[in-house]
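Reader: I have a model open and would like to go through it with you, piece by piece. Could you start me off with a helix and then widen the view?

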Amino acid sequence: MNAPLYSLRQVRQEYHGRLALDLDELDVPERSILGLTGHNGSGKSTLLRILAFLEDPVSGSVTYNGRPAGTRDSALRREVTLLTQEPYLLKRSVLGNVAYGLRLRGERDPALAEAALDMVGLAPENFSLRSWRDLSGGEAQRVALAARLALRPRVLLLDEPTNNLDRESADRIKDAALAARDAWGATLVLVSHDLPWLTTVADRVLTMADGRVLRHP
Amino acid sequence: MDYLIQGIVQAFTLIFSGDPETFSAVWATLASSGLAMVVILALGLPLGFVLGHADFPGRGAARTLVDTMLSLPTVVVGLLVYALLTRRGPLGDWDLLFSIPGISMGLAILGLPVVMALTATAVEGLDRRLGLTLRTLGATPGQILATTLWEARFSLALAAVAAFGRVATEVGIAMMVGGNIKWQTRTITTAIALETNKGQFALGMALGVILLGIALLVNLAVAGLKRLARE
């Protein structure tokens, strides 16, 4: 077993006094795939936002790569990226969207963005110049994933990435996510209601309810 | 009635013959408005972003204040800037009274609330997922500001055009702060007022036609930008 990339201890999160997350202990080894499942409102998305350093818990400790970590360390958000349930595309071309995060990092080689588009099954020659408004829901989701894969993140967090998608788009997204682990050793945390998929690909699957982990095999 | 028709004919003659007095006033208008717009956009866009995006104590009061300033009477602004720039005023040493930069200062005060209010509204109207998405892609606060303003670019251009329409067509500030000095600070609006008082309808109408042309262009731009912003 690899050393934990994330270690969470006694982590609690509340919104307006309502408990959203209450985790005693969670370790996520590097290069592993963690699956999270559970009903809506069970705390999965809250956990992902904490893992993505988008919000800090009200109590408890989060360590990343052996060091205490949180939202103040904005450099960590360059290693960790989250694909939300309904990702937003910028009002620009497909290539502009996929290359956006790269440009933030000073990288202007379009080949990286085009390779990411290939990973999600969107041929760059057909999609690069297409406008954001000319995409189907499944294509938009794949473009959003490509924008994150292009960054070659150390951690890729996916929040119900295949919800309401057609079969082909869902399969492409699943394949691309796994390819990230195989290609550069990304650590994956997958939130999904697709339990058969999670149990097939994940090293470990946790079921959550009311902010707590029900099963911790 | 004849003098009106004669005035219109003479107006177009002045315009198409390139009458220096007419175009001096046009230049003064464009120079003072253009300089003011630089200041208005440099301050109004970031301040409007903060007003529409950030959550800080007193935000509601600040928004109410900015909205109230949308209906600032131009003569009140003119009076305020005059008081600041006059020899006895706190900024008297700047020697800006009766100058184009002096007029621009007043116009900037007039146009700033327009850009701030419309920018805040545009930012508030953006998809709430935008900020989260930018953070998940590793954007810094400065990059979030720049990208957010770019996402709202058509609405912001609309704000700029609306502010330009307000500052280019006002008369109170240009009259009080500029002093209506021929060849120097006489703008389109102050020239119209003066020439009409003198009974010189032709020049007044020529300038009026140009002002209407500017207003038409502004409104066409507003209509086009509104359509783009909705898409």
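**Working through the model**

Author: Let us begin with helix α10 of chain B, residues 188-197, where B:I188, B:T189, B:T190, B:A191 and B:E195 are buried. Buried here means under 20% relative accessible area, with exposed being over 50% and partly exposed in between, computed with a 1.4 Å probe and protein chains only. Helices are DSSP runs of H or I with at least four residues, strands are runs of E with at least two, and both are numbered from the N terminus.

Reader: Before I go on, what kind of model is this, and how are things numbered?

Author: This is a predicted model, in which local features need pLDDT of at least 70 and side-chain atom pairs count only at pLDDT 80 or more, while totals for chains, interfaces and linings use all residues. Residues are numbered from 1 along each chain as its sequence is written, chains are lettered from A and ligands numbered from 1 in the order in which they are written, and side-chain values use heavy atoms, with hydrogens and water left out.

Reader: Back to B:E195, then: which residue forms a salt bridge with it?

Author: The partner is B:R186, and the closest N and O atoms of the two are 3.9 Å apart. The term salt bridge stands for a side-chain nitrogen of Lys or Arg within 4 Å of a carboxyl oxygen of Asp or Glu.

Reader: And is B:R186 buried or exposed?

Author: B:R186 counts as buried at 11% relative accessibility, and B:E195 is buried too, with a relative accessible area of 2%.

Reader: What is the phi of B:G199, just after α10(B)?

Author: B:G199 takes a positive phi of about 80° there.

Reader: Which residues other than glycine have a positive phi?

Author: Among them is A:Q10, with a positive phi of about 50°, and this residue lies in strand β1 of chain A. Another case is A:R31, whose phi is near 65°, and A:R31 sits in the loop between β2 and β3 (33-38) of chain A.

Reader: Let's zoom out to chain B; how many helices and strands does it have?

Author: Chain B has 11 helices and 0 strands, and its C-alpha trace spans about 65 × 45 × 25 Å along the principal axes. Of its 231 residues, 45% count as buried.

Reader: What share of its contacts links residues far along the sequence, at 24 or more positions apart?

Author: Taking the contacts in chain B with a separation of 6 or more, where contact means heavy atoms within 4.5 Å, residues 24 or more positions apart account for 75%.

Reader: How do chain B and chain A meet, and what area do they bury between them?

Author: They bury about 1,900 Å², of which 50% is on carbon and sulfur atoms; buried area is the accessible area (1.4 Å probe) that two parts lose on being put together, summed over both. The contact takes 18 residues from chain B and 22 residues from chain A.

Reader: How many salt bridges are there between the two chains?

Author: The count between chain B and chain A is 1, and the side chains that meet there are B:E151 and A:R92, at 4.0 Å from N to O.

Reader: And over all chains, how many?

Author: The structure holds 23 salt bridges over all chains. One of them pairs the side chains of A:D22 and A:R12 at 3.6 Å, N to O. A:D22 lies in strand β2 (residues 18-29) and A:R12 in strand β1 (residues 4-15) of chain A, so the pair ties together parts that are 10 residues apart in sequence. A:D22 is buried at a relative accessible area of 16%, whereas A:R12 is partly exposed at 28%.

Reader: Where does A:K174 lie, and what does it touch?

Author: A:K174 is in helix α6 (residues 167-184) of chain A; leaving out residues up to four places away in sequence, A:K174 touches A:T162, A:D194 and A:W197. The side chains of A:K174 and A:D194 meet in a salt bridge at 2.8 Å, N to O. A:D194 belongs to the loop between β8 (187-191) and α7 (195-201) of chain A, so its pairing with A:K174 in helix α6 ties together parts that are 20 residues apart in sequence. A:K174 counts as buried at 14% relative accessibility, while A:D194 is partly exposed, with a relative accessible area of 24%.
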